[in-house]
Amino acid sequence: MNYNVNEKGYYGEFGGAFIPEMLYPNVEELRQKYLKVMAEPEFQKEFNQLLKDYVGRPSPLYFAKRLSEKYNTKIYLKREDLNHTGAHKINNTIGQILMAKRLGKTRIIAETGAGQHGVATATVCALMGLECIVYMGEIDIARQAPNVARMKMLGAKVVPALSGSRTLKDATNEAIRDWINNPVNTHYIIGSAIGPHPYPDMVTRFQAVISEEIKWQLKEQEGRENPDYVVACIGGGSNAAGTYYHYLHNPDVGIIAVEAAGLGVDSGESAATSVLGKEGIIHGCKTLLMQTKDGQITEPYSISAGLDYPGVGPMHAHLAKTRRAEFMAITDEDAMNAGLELCKLEGIIPAIESSHALAIFEQRTFKQDDVIVVSLSGRGDKDLQNYIEYFKI
Amino acid sequence: MNRIKQKLNEDKKLLSIYFTAGYPKINDTVSIIQDLEKNGVDMIEIGLPFSDPLADGPTIQDSSTKALKNGMTTEVLFNQLKDIRKTVEIPLIIMGYFNPMFQYGVEAFCKKCKEIGIDGLIIPDLPVDVYHEEYQTIFEKYGLINVFLITPQTSDERIRYIDSISTGFIYMVSSASTTGAQSGFGNEQTAYFERIAKMNLKNPQIIGFGISNNETFTQATQYAKGAIIGSAFVKHLTKSGVNTIEKFIHAILKN
Ligand SMILES: Cc1ncc(COP(=O)(O)O)c(C=O)c1O
C-alpha cells in the first residue's frame with residue numbers, strides 16, 4: 001500500500017485538483033515546479049538555515065516523565081510549541097514563502113482559523129518584505145483577537161470573511177476567490193495539508209521535518225528510531241502529516257489520528273470528520289467531508305478554532321479508509337482537562353488543538369514499555385482566554 | 001439534435017441568462033424560466049445553489065445562500081422542472097458545483113437531466129481532465145453537453161485541448177475574476193476577445209462574467225456568438241422582483 005501521493009495527485013481515491021479553470025495556470029505551475037524547486041540545493045540550504053536560526057529547530061523531543069508515570073507508559077512530546085510564533089505552522093510558511101519567491105510572486109494571501117497560520121504567514125512575509133493579506137472569518141476575528149493584533153503588527157492586512165458561517169471554511173473560500181481575481185502576482189499559502197494537488201503533498205513535505213527529527217532524536221534517547229506510536233491532532237492535518245511522514249510505510253509504527261468531537265460525535269456539534277464525513281469535494285480536493293445528503297457542506301464545531309474544519313486532508317482520508325491510522329475523537333471537555341493536566345504535570349501550557357492529542361491517554365491504554373510520540377503542535381498562549389473562561393480561572 | 005447545438009446554428013447573437021434556482025422565492029424557478037423565454041432570451045443557465053460557491057462573487061453567493069435557506073435541493077429542483085418541457089423550448093443548462101452532483105450520483109444526475117429535458121451542464125470545479133477520464137461517456141450516454149470555461153490566462157495549447165473535448169460552446173470568462181457585474185471592458189479584455197476569435201476554434205464561444213447591460217452585451221457579442229448575464233440579472237431580481245424581468249431583458253436587447 002502506498003500512503004504517499006501518486007503522480008496524478010491522489011492518495012488512493014482521495015485528493016486530485018477539483019479547481020475552476022481560473023486557477024488552473026497557478027496550480028499547474030506549482031504542480032510542475034514544486035518538487036524541482038524543493039530539490040534545489042540552494043532552496044534546501046535556505047530552508048534549513050531558516051528553520052534552524054529563525055524558527056529555532058530542531059524542536060526538542062521531550063520525555064514527559066510525570067505524564068508517563070501517570071499513564072504507565074513512555075510518552076515523548078515533540079515540542080512544536082517552542083517554534084517561533086508558537087506552533088508547527090511556521091515550518092510550512094517558511095517553505096512556501098521561499099517557493100513563492102522562486103515563482104516570482106510578490107503578493108501573498110492566506111486563510112486562517114485560530115490565527116496561528118495567519119501569524120506564521122504574516123511573519124514570513126515581514127521577513128521577506130512581501131505584501132500579505134490574511135482572510136479570517138468574522139467570528140474567528142472576534143474570538144482570536146490577540147492573533148489578529150499580532151498579524152496587524154507584522155504588517156498584514158486582515159480581511160474578514162463575511163460569507164457563510166464566517167469561520168475557517170469561509171475564510172478559505174475568500175482566499176481562493178482572491179486568488180482567482182489575482183492570478184498573476186499572487187501566491188496562496190494554504191495552512192494545512194488540504195486543497196488541490198500539489199498543496200497537500202507540498203505542505204506535508206515541509207512539515208516532514210517533524211518526523212525526520214523524531215527519528216534521530218528518539219535514536220539518541222531510546223536507542224531506536226521507531227516509536228510504537230505517533231500521535232497528532234487533525235484539523236486539516238498538517239502537523240499530523242509531518243509527524244507521520246517518515247513512518248507511514250513502517251508497519252512497526254502505529255499511527256493515531258485525533259479529531260475534535262466537539263460536544264460529542266453524535267451531538268450535532270462536532271468536527272470528527274472521519275466518523276461524520278462522506279466522500280466529497282471541498283476546497284479543491286476529494287476527501288472525507290461533513291455534508292448534508294444533498295452535498296451541501298455543513299458547519300463543524302469544536303472549541304478549538306484550529307480543528308473546526310468540515311474536511312480533512314486527503315492523505316488522512318486515505319489513512320482512515322485503509323485503516324493504516326487509528327482515528328480517535330476527543331470532546332471539548334476531555335481536551336480541556338488534558339490541557340490543564342499537562343500544565344500541572346509538566347509545566348507546559350498546550351494549545352487546545354494539541355490538548356486533543358494528549359487526551360487519548362484517558363481513553364486508551366498502552367503497554368508499559370510502549371514508546372509514544374505525541375505532536376505538541378502549539379502553545380496555549382493564544383487560548384488563554386478560552387482556558388480562563390472554561391475553568392473560571 | 002441537442003437544443004444547444006440547434007440554437008448555436010441560428011444566425012444571431014445569443015443572450016443567455018443565469019439565475020439561482022429557488023431565489024428570491026423557492027417556487028420562482030419555473031416562472032422565471034418561462035418569463036425569460038417569453039422575452040426573447042435564447043438560453044438559460046439554472047444555478048443549482050451550493051453552500052461554498054468558490055468561483056462566485058458576492059451577488060451569486062448571497063442568492064445561493066438564500067436559495068438554500070428557502071429549501072432548494074437537487075431533488076426539489078428536479079421536481080420543479082419535471083414538466084418544464086411542456087412550456088419551454090429554449091436550451092436549458094444546469095450550472096452548479098460538483099459536490100451536490102457527486103452526492104446525487106453523476107449517472108443518476110445525468111439520467112434525471114435527460115428525463116427532464118436539460119441540454120447541458122456547467123460545472124466550474126469539475127476539471128476537464130477528470131471529466132474526460134471519468135464522466136464523458138456518462139454525459140454522452142444521456143445526450144448532455146458539458147461546457148468548459150477558458151480565461152485570459154488559459155494558454156493557447158490548453159484552449160485547443162478544451163476545444164477538442166467540447167461539443168457545444170466554450171464559456172469564455174471575460175477577465176480573471178469571480179462572477180460579478182462590471183461596467184465595461186478595457187483594452188486588455190478586447191485584445192483577449194480578439195485573440196480567441198482569431199483562433200478559429202471548432203466550438204463557438206459565449207462570453208460571460210461582467211456582462212451587465214446593453215453596452216457590455218453588444219461589445220461582447222462583437223467577438224463571440226453570444227453573452228451570458230448572471231450577477232446583473234440576480235441583482236435585478238433582488239432589487240425589482242420577478243415581475244420586471246421583461247424590462248431588464250428588453251433593456252439588454254434594445255437594438
Ligand atoms: C496549534 C495547532 N495545532 C493544530 C492545528 C490544526 O491544523 P493541522 O491539522 O493542519 O495541523 C492548528 C491550526 O490552527 C494549530 O494552531
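**Cavities, a ligand and a pocket**

By class, the residues lining the largest cavity are ten nonpolar, 18 polar and four charged. I start there since that cavity holds the ligand: the space the ligand takes up is the largest cavity. Before going on, please keep in mind that this is a predicted model.

Rolling a probe the size of a water molecule over the atoms shows where empty space is left. Searching the whole structure that way gives seven cavities of 30 Å³ or more. The largest cavity contains about 350 Å³ of space. Its lining is made up of 32 residues, and those nearest the centre are A:His88, A:Lys89, A:Gly191, A:Gly306 and A:Leu307. As for secondary structure, the elements giving two or more residues to this lining belong to chain A: β5 (107–112), α5 (116–128), α8 (168–181), α11 (238–244) and α15 (352–358).

Now the ligand itself. Which residues come nearest to the ligand? There are 17 residues around the ligand, and A:Ser192, A:Gly235, A:Gly237, A:Ser238 and A:Ser377 come nearest. By class, this shell has four nonpolar, eleven polar and two charged residues.

Three contacts to ligand oxygen are worth looking up on the screen. For A:Lys89, a polar side-chain atom is 3.1 Å from an oxygen atom of the ligand. A:Lys89 is also one of the residues nearest the centre of the largest cavity. For A:Gly237, the contact comes from the backbone, with an N or O atom 2.7 Å from a ligand oxygen. For A:Ser238, a polar side-chain atom lies 2.6 Å from an oxygen atom of the ligand. On its own the ligand has 390 Å² of accessible area, and the protein covers 97% of that.

Next, the second largest cavity. Its volume is about 200 Å³. It has 24 lining residues, with B:Tyr18, B:Asp56, B:Ile60, B:Thr179 and B:Gly230 nearest its centre. Chain B elements that each supply at least two lining residues are β2 (43–48), α3 (58–69), β3 (92–96), β8 (226–229) and α11 (231–240). By class, this lining has 15 nonpolar, seven polar and two charged residues.

What about open space? The largest pocket has a volume of about 510 Å³. Of the 20 residues lining this pocket, A:Lys8, A:Ala17, A:Arg31, B:Asp129 and B:Val130 lie nearest its centre. Two elements give two or more residues to the lining, namely α1 (24–39) of chain A and α7 (128–141) of chain B. How does the lining of the largest pocket divide by class? Eight of its residues are nonpolar, three are polar and nine are charged.

Last, some backbone details. In chain A, the peptide bond between A:His197 and A:Pro198 is cis, with omega about 15 degrees. A:Pro198 sits in the loop between β8 (186–188) and α9 (199–207) of chain A. Chain B has a cis bond from B:Tyr23 to B:Pro24, where omega is near 0 degrees. B:Pro24 is in the loop that runs between β1 (14–20) and α2 (29–38) of chain B. A:Arg166 is not a glycine, yet its phi is positive, near 60 degrees. Where is A:Arg166? It lies in the loop between β7 (157–161) and α8 of chain A. That α8 is one of the elements lining the largest cavity, which takes us back to the ligand's space.

Methods
Residues numbered from 1 in each chain as written. Chains lettered and ligands numbered in written order. Predicted model: local features only at pLDDT ≥ 70, side-chain atom pairs only at ≥ 80, totals over all residues. Heavy atoms only, no water. Near = heavy atom within 4 Å. Polar contact = N/O pair within 3.5 Å; in protein donor to acceptor, adjacent residues only side chain to side chain. Areas by Shrake-Rupley, 256 points an atom, 1.4 Å probe, with all protein chains shown as cover. 1 Å grid on protein atoms, 1.4 Å probe; cavity = no way out; pocket = protein on both sides within 12 Å on 5 of 7 lines; lining within 4 Å. Sits in = over half its atoms within 2 Å of the grid points. Nonpolar A, V, L, I, M, F, W, Y, C, P; charged D, E, K, R; others polar. Points joined across faces, edges and corners; volume = space filled by probe spheres on them. Helix = DSSP H or I, 4+ residues; strand = E, 2+ residues; numbered from the N terminus.
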